[in-house]
Amino acid sequence: GGASRGGDDDDDDYDPFAAIARAARGASTRASGGGAKFVETLKYKALRPGAKILGVVSEVTPRGLVMSLPDGLRGTVARGEVSDALGRRSESESESESSDDDEYGGEDEDEDDSVSIESLYAPGEVLRCAVLSLEKGKTGGKRIELSLRLERVCAGIRADSLTEGAVAPAVVQSVEDHGYILSFGIEGTSGFLPKKNVASDVNVRKGKILDIVIASAPKGNKGYFTVTSDQKRISSTVAHETSAMNVSTLLPGMLVNSRVKQILSDGLSVSFMTYFSGTVDCFHVNAPKGVSSTFKVGQRMRARIIFVDSAAKRICLTLLPHLLEHSAVNLPKLGKTFQTAKIERVDAGQGVSLNVPDGDHNVVGYAHVSQLSDERVDKVEKKFKVGRSVNVRVIGHRLLDGIVSVSLKSSVMAQPFFSLD
């Protein structure tokens, strides 16, 4: 279940009145656009099929991937949705199978393993995902089913978005003598990545989805977009608006130049590319000194899109360095305890954010309300005050947010060998 895994901030088990009040605040601020106090974090109940979200691979199994998503959410990508190379074959096979034994939904075991998921992806990789479905699992847990397949992730995008210098995701269709044939999941387009344009540390194989930069467009109607996989360019290229752009052509993972529109109590409202606006919530604002002393209205900065729901016109962005720069986050091991974690922020009814000194650097920790005490905590904001030092134990990794889930419970602190069971 979610709480024992520590990654999943299930928001069912706190004061329902606080939840209602907060939801109402979020709804009114989103509707009116003015006078907003809070930035609503991304919740399970706000997700809908077709929304696009950035994820970080947290586990790779033969049956699929477990993804760490923004704001402590977790999702799964079933084998058939990991890649087109796996997908088409699995679909025909699984028509006769309708079991859904485990976390990923049923899939044949005895398939030919020409492509293994383990050879395509490793924990820590950042990938764009599309939300497929949201269902309650057999144990009542909330399941977020995701797809990496580009025809889903790039739904709504046409060939005119593939302009020179733009970053786009592509899937390797085939390996040729001099390079790789790619598909963008966009009708009437294909790409070619010359082997000489591939850095030695980039894993390119059939079925793999990778980010590329468009080097040149095809001449005439036929032919390939020539692309490069230069990692430095991919992580630093800013997406600029084109005439083809609208909310459904925005992808999570896009780097944009943004401007602070409003400073809210725990986050920001920002505008980018002239006519878009979005929010940066408390987990992504990267303001340990507080939002109001870190930002001013009109300030410009780079931000990366992490969530797009084009139907609801809701866009979430991040300012976290590891997501802006595609750098690795160094998180302490599960079970590690810390004596001097300091409370930085108290989220009424939800939990507390902490600054955890780990050797020569600080890590952000988050304790969900269910992990604050062995006794029931009715009013988080009464019992826990900013600045207080507490003992915590790491019970989960939220890779996308770059933070650890921690517990303050004495029963968890006292376990001699910490285990996740």
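## A salt-bridge network around R149

In this predicted model, E151 counts as partly exposed because its relative accessible area is 36%, a value that lies between the 20% limit for buried and the 50% limit for exposed residues. Its salt-bridge partner is R149, and the closest N and O atoms of the two side chains are 3.4 Å apart. R149 itself has a relative accessible area of 4% and is therefore classed as buried, so the R149 to E151 salt bridge joins a buried residue to a partly exposed one.

R149 also forms a salt bridge with E81, where the closest N and O atoms are 4.0 Å apart. This second pair ties together distant parts of the chain, since E81 belongs to helix α3 (residues 79-82) while R149 sits in the loop between β5 and α6 (150-153), with 68 residues separating them. In this case both partners, E81 and R149, are buried. The connections extend further, for E81, R149, E151 and R152 are linked in a network of salt bridges.

## Other salt bridges

Across the whole structure, the search finds 13 salt bridges. One of them is formed by D347 and R345, whose closest N and O atoms are 2.9 Å apart. D347 is buried, and R345 is buried as well.

## Overall make-up of the chain

The chain contains 11 helices and 20 strands, and of its 421 residues 52% count as buried. Among the contacts in the chain with a separation of 6 or more, 63% are made by residues 24 or more positions apart. The chain exposes about 19300 Å², and carbon and sulfur atoms supply 51% of this area.

## Nonpolar cores

The largest nonpolar core is made up of 79 residues, and within it L65, L250 and L268 touch the most other members. Strand β14 (residues 300-309) gives the most to this core, contributing 6 residues. A second core, separate from the largest one, has 20 residues, including L354, V369, F384 and V394. As a general background to such groupings, nonpolar side chains in soluble globular proteins tend to be buried together.

## Strand pairing from β1 to β5

Strand β1 (residues 52-61) and strand β4 (residues 126-136) run antiparallel and are joined by 5 bridges. Within this pairing, V56 has V126 of β4 as its bridge partner.

Strand β4 pairs in turn with strand β5 (residues 142-147), again in the antiparallel sense, and here 6 bridges are found. One example of facing residues is L134, which stands opposite I144 in β5. The same β5 precedes the loop that holds R149, the residue described above as having salt bridges with E81 and with E151.

## The barrel of β6 to β10

Five strands close into a barrel in the order β6-β7-β8-β10-β9, with mixed pairing. Neighbouring strands of this sheet are turned by 55° against each other on average, when direction is ignored.

Strand β6 (residues 167-175) can be followed to two partners in this arrangement. With strand β9 (residues 209-216) it runs antiparallel, joined by 5 bridges, and P169 stands opposite D211 in β9. With strand β7 (residues 179-183), β6 pairs in the antiparallel sense over 4 bridges, and a hairpin of 3 residues joins β6 to β7. On the β6 to β7 side, V175 stands opposite Y180, and S174 stands opposite I181.

## The barrel of β16 to β20

A closed barrel of 5 strands also runs β16-β17-β18-β20-β19, and its pairing is likewise mixed. In this sheet the average turn between neighbouring strands is 50°, direction ignored.

Within this barrel, strand β16 (residues 337-347) and strand β19 (residues 389-398) pair in the antiparallel sense over 4 bridges. Among the facing residues, K342 stands opposite S389 in β19. By its residue range, β16 ends at residue 347, and D347 is the residue that forms the salt bridge with R345 described earlier.

Definitions and conventions: Residues are numbered from 1 along each chain as its sequence is written. This is a predicted model: local features need pLDDT of at least 70, side-chain atom pairs count only at pLDDT 80 or more; totals for chains, interfaces and linings use all residues. Side-chain values use heavy atoms; hydrogens and water are left out. A nonpolar core is a set of buried Ala, Val, Leu, Ile, Met, Phe, Trp, Tyr and Cys residues joined through side-chain atoms within 4.5 Å. Buried means under 20% relative accessible area, exposed over 50%, partly exposed in between (1.4 Å probe, protein chains only). Helices (H or I, at least four residues) and strands (E, at least two) are DSSP runs, numbered from the N terminus. Two strands pair if DSSP finds at least two bridges between them. Axes are lines fitted to C-alpha atoms, for helices over the stretch in contact, and angles run from 0 to 180 degrees between N-to-C directions. Contact means heavy atoms within 4.5 Å. Accessible areas come from the Shrake-Rupley method with a 1.4 Å probe; for residues, only the protein chains shown count as cover.
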